[in-house]
Amino acid sequence: MNRTPRPIASACVVIALAAGTALADPIPATRLDFQLPGTQPGMIPNGTLLDSANCRACHGNISDNDPYATWSGSLMGQAARDPLFYAQMTLANQDVANAGEFCLRCHVPNAQVSGHVQPPDGTGLTTFDMDGVSCHMCHSMVDPIYNPATSPSVDQQIIAALGPLAPQYYGNAMFVLDPTGLRRGPRAPAALHDAVRSDFFTSSNMCGTCHEVGNVATIKQPDGTYRYNPMNQAPDDLNPAHQFPLERTFSEWRLSSFAAGGVDMGGRFGGVGVTVVSSCQSCHMPRVADRSCIVGPNRPDMARHDFAGASAQVLDIIAAYTANDPAVSQLNIAKGRAKAVDMLKRAASLSATQAGETLTARVTNESGHKLPTGHIEGRRVWLNVRFTSALGDLVGEYGAYHGLTADLDADTTTVFEMHVGLDGYAAAVTGFPAGPTGRMSLANTIVKDNRIPPRGFNNAAFEAA
């Protein structure tokens, strides 16, 4: 996903751009424009976080369900090798200098630890950074909002040591890591290494860390519009809800029936023996009877590290890009892709009724967030209706899609999607035309959002969030 920085310049630049000239050079934003709370580069000593290959020794080579095998074939495991991400980050950097530092925080979080978020084009990334959203990275995460009833006691000291850099919100990759690398998980520790139990790992708040993204360069106005912040200073308002929305998957879930006690999905999601699903982990880490460690017990409800979503095509791209990389298991990627396709098949239900010559089709969102959600630049859902003769010959079609040209006959169907754009104010500042745009780092208005909400969703509540 193309993460976004702060695009604004001084008044004199605004006047110059108001004439309508396009930007020849990126807006000269600085690192200060992207400064966010949480663990900062240099706070974690080198060598503290181990490469995920170290975790494989005990948490891999068990079965197709083991944490390492499933993680390594997921988009989480391959996030730092995603060519689509780097292409979109390049576009962001071309519009706004240093934009890539914000992008790298989520997609290559180890770079935040190593300090290799600079240079912002990713050319300084090392093998350590390329471990993606790694095992040790996630399992040393601290809930930034301390809860004495559920947080490990050691977390209070870690958060206090951050002072004003302690995050107050979940989002924008404002993560906090244990500086000693102490591992955390959802169960009481029984490992060969030191570990503590943390309820953060069963909470959707943890997922909200990266799946709630606002443009830190913007601020919502009283009239509901968004303006760019002053340049070359840290953002004043760090609440993602007050920033132009780029990804609101966490809020979409938070304001649904899934977050309000859960929904009985009859086994559609959640894995073996699960009917009621409530958290992100319920669906994206389905339960299975197996063991997660070679020395651990067999459990009836082990959480698979599938992280399956709408990433099938991206995994295809990654597989092609890493075909000759010995560090990448093509078999595990293929399995991860199959899980993504399976997840997509279960994400919606279709029904059709006929009255005379009228066919009415209905799409029901079965997921815990909008359909589609997340990567708004590259996701759309549409209804494809095909009419065939008694012999099976195609006699008519609505919503036809041509795979070789990527052309969609949108005029004959409904396309559920989100488009962002530039309003008149942003057009005057940047010199780009008002209306829909692919320049995510500059967008400040929503042109279209007819995506299907989840159960229990209220548009007014979401607008406020």
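This report walks through two helix pairs, two individual residues and a few backbone features of a predicted model.

Residues are numbered from 1 along each chain as its sequence is written, and side-chain values use heavy atoms, with hydrogens and water left out. Because the model is predicted, local features need pLDDT of at least 70 and side-chain atom pairs count only at pLDDT 80 or more, while totals for chains, interfaces and linings use all residues.

**Two helix pairs**

Let us begin with the helices. Helices (H or I, at least four residues) and strands (E, at least two) are DSSP runs, numbered from the N terminus. Axes are lines fitted to C-alpha atoms, for helices over the stretch in contact, and angles run from 0 to 180 degrees between N-to-C directions.

Helix α4 (residues 83–95) packs with helix α5 (residues 99–107) at an angle of about 155°, and their axes are 8 Å apart. That makes α4 roughly antiparallel to α5; the cut-offs are under 35 degrees for roughly parallel, over 145 for roughly antiparallel and 65 to 115 for roughly perpendicular, with the rest oblique. The crossing of α4 and α5 is right-handed. A crossing gets that name if the near helix is turned clockwise from the far one by less than a right angle, and is left-handed if anticlockwise.

On the α4 side, the contact (heavy atoms within 4.5 Å) is made by F85, M89, A92 and N93, and on the α5 side by A99, G100, C103, L104 and H107. These residues divide into 6 nonpolar, 3 polar and no charged. In this scheme Ala, Val, Leu, Ile, Met, Phe, Trp, Tyr, Cys and Pro count as nonpolar, Asp, Glu, Lys and Arg as charged, and the others, Gly among them, as polar.

How many residues of α5 are buried? The count is 9 of its 9 residues, where buried means under 20% relative accessible area, exposed means over 50% and partly exposed lies in between (1.4 Å probe, protein chains only). Among the buried residues of α5 are E101 and R105. The cover over the buried residues of α5 includes α4, α6 (110–114) and β5 (213–215).

The other pair is α12 (residues 312–321) with α13 (residues 330–346), which pack at an angle of about 165° with their axes 8 Å apart. α12 and α13 are therefore roughly antiparallel to each other, and their crossing is left-handed. The contact brings together A312, L315, D316, I318 and A319 of α12 with Q330, I333, G336, R337, A340 and V341 of α13. Here the division is 7 nonpolar, 2 polar and 2 charged.

**Two residues with side-chain links**

T48 sits in the loop between α1 (11–17) and α2 (52–59). Is T48 buried or exposed? T48 is buried, because its relative accessible area is 16%. A polar atom of the T48 side chain lies 2.8 Å from the backbone oxygen of P45. This is a polar contact, defined as a pair of N or O atoms within 3.5 Å; within protein, one must be able to donate a hydrogen and the other to accept it, and residues adjacent in sequence count only if both atoms are side-chain atoms. Leaving aside residues up to four places away in sequence, T48 touches H136, P179, T180 and G181.

H59 belongs to helix α2 and counts as partly exposed, at 25% relative accessibility. Its side chain has a polar atom 2.8 Å from the backbone oxygen of S292. Beyond residues up to four places away in sequence, H59 touches D66, P67, Y68, H193, S292 and C293. The C-alpha atoms of H59 and I294 are separated by 6.5 Å, although these residues are 235 residues apart along the chain.

**Backbone features**

Most residues other than glycine have a negative phi, and most peptide bonds are trans. The table lists four places that depart from this pattern.

| Place | Feature | Value |
|---|---|---|
| Q118 to P119 | cis peptide bond | omega near -5° |
| L371 to P372 | cis peptide bond | omega about -5° |
| F307 | positive phi | about 50° |
| A406 | positive phi | near 65° |

P119 lies in the loop between α6 and α7 (135–138), and P372 in the loop between β14 (358–365) and β15 (381–382). F307 is placed in the loop between β12 (299–303) and α12 and is partly exposed at 23% relative accessibility. A406 is in the loop between β18 (401–402) and β19 (407–408), and is partly exposed with a relative accessible area of 40%.
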